[in-house]
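Got the viewer open? Set it to cartoon, keep the selection box handy, and let's walk through this one stop by stop.

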Amino acid sequence: RLRAARLPEELASSYGLTHDLCIMRVVPESSVSGQTIAQADIRARHGLAIVLVHRPRGPISRYLDPDPELRLEPGDILYLEGDDEAAWGFAEDETLQFGLAGPHTVELMLGRGQMLAEVAIAPRSPVFGHSLRELRFRGRYGLNVISLWRKSAPVKNPADIPLEMGDALLVSGPAHNVRALSRDPDYIVL
């Protein structure tokens, strides 16, 4: 019998996302100001994943997908996922204003065009034994892998971990990118 589909908020909670979210504002003095997300290399240097970028500009406020080529600007608000200690270190090292995510942050992200999806790897997929970085998952699908589920527990910072049978991914990104991933026979969007 199939299990009932889980709400995105339930998915986020089971992977620990609701506890590991924080918010940071880029200030002009910040060393990441003016850099692209790829140049800032936040995941590799600090173990944090950018889930969403909020760019408030006067009466216009935009929510942007964390594309590697997106240039960070003063005033940008970064929604980040990761360990609290790593987040505090990042804020201090890069001169960012640190804020805690509230209880409705996941709902806010989902209401701004972001989608959370759980993705299993197809049993005969050739991706087993390769890391997400080797597979260029983010560049190929335009989705951010927030966490990896392995052996009944979430694994943070999965970029360099070789994929194994039974792994599942928590991804975030635009709905059309999740739909595109669902058409790839190597992945099963749950």
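**Stop one: the open sheet**

This is a predicted model, and the tour starts at an open sheet of five strands, with antiparallel pairing and the order β8-β7-β9-β6-β10. Select 153-155 and 187-189 next: these are β8 and β10, the edge strands, each pairing on one side only. Now look across the sheet and follow the twist, which averages 35° from one strand to the next.

**Stop two: β6 and β9**

Select residues 114-121 for β6 and 168-174 for β9. Seven bridges join these two strands in the antiparallel sense. For one of the pairings, show E118 and its bridge partner in β9, L170.

Keep those strands on screen and add residues 175-182, which make up helix α8. Helix α8 packs on the sheet and touches β6, β9 and β10. Its direction makes about 135° with that of β9.

**Stop three: the nonpolar cores**

Time for side chains. Which residues have the most contacts inside the largest nonpolar core? Show M24, V32, I42, V53, L80, F90 and L96; the core itself has 19 residues. To see where it draws from, colour β1 (21-26), α2 (37-40), β2 (49-57), β4 (77-81) and α4 (84-94), each of which supplies at least two residues.

Then centre on L80. Leaving out residues up to four places away in sequence, L80 touches D20, L21, C22, M24, I42, L48, A49, I50 and F90.

Last selection: L143, L163, V171 and L181. They are among the 17 residues of another core, which lies apart from the largest one.

Conventions:
Residues are numbered from 1 along each chain as its sequence is written. This is a predicted model: local features need pLDDT of at least 70, side-chain atom pairs count only at pLDDT 80 or more; totals for chains, interfaces and linings use all residues. Side-chain values use heavy atoms; hydrogens and water are left out. Two strands pair if DSSP finds at least two bridges between them. Helices (H or I, at least four residues) and strands (E, at least two) are DSSP runs, numbered from the N terminus. Axes are lines fitted to C-alpha atoms, for helices over the stretch in contact, and angles run from 0 to 180 degrees between N-to-C directions. Contact means heavy atoms within 4.5 Å. A nonpolar core is a set of buried Ala, Val, Leu, Ile, Met, Phe, Trp, Tyr and Cys residues joined through side-chain atoms within 4.5 Å. Buried means under 20% relative accessible area, exposed over 50%, partly exposed in between (1.4 Å probe, protein chains only).
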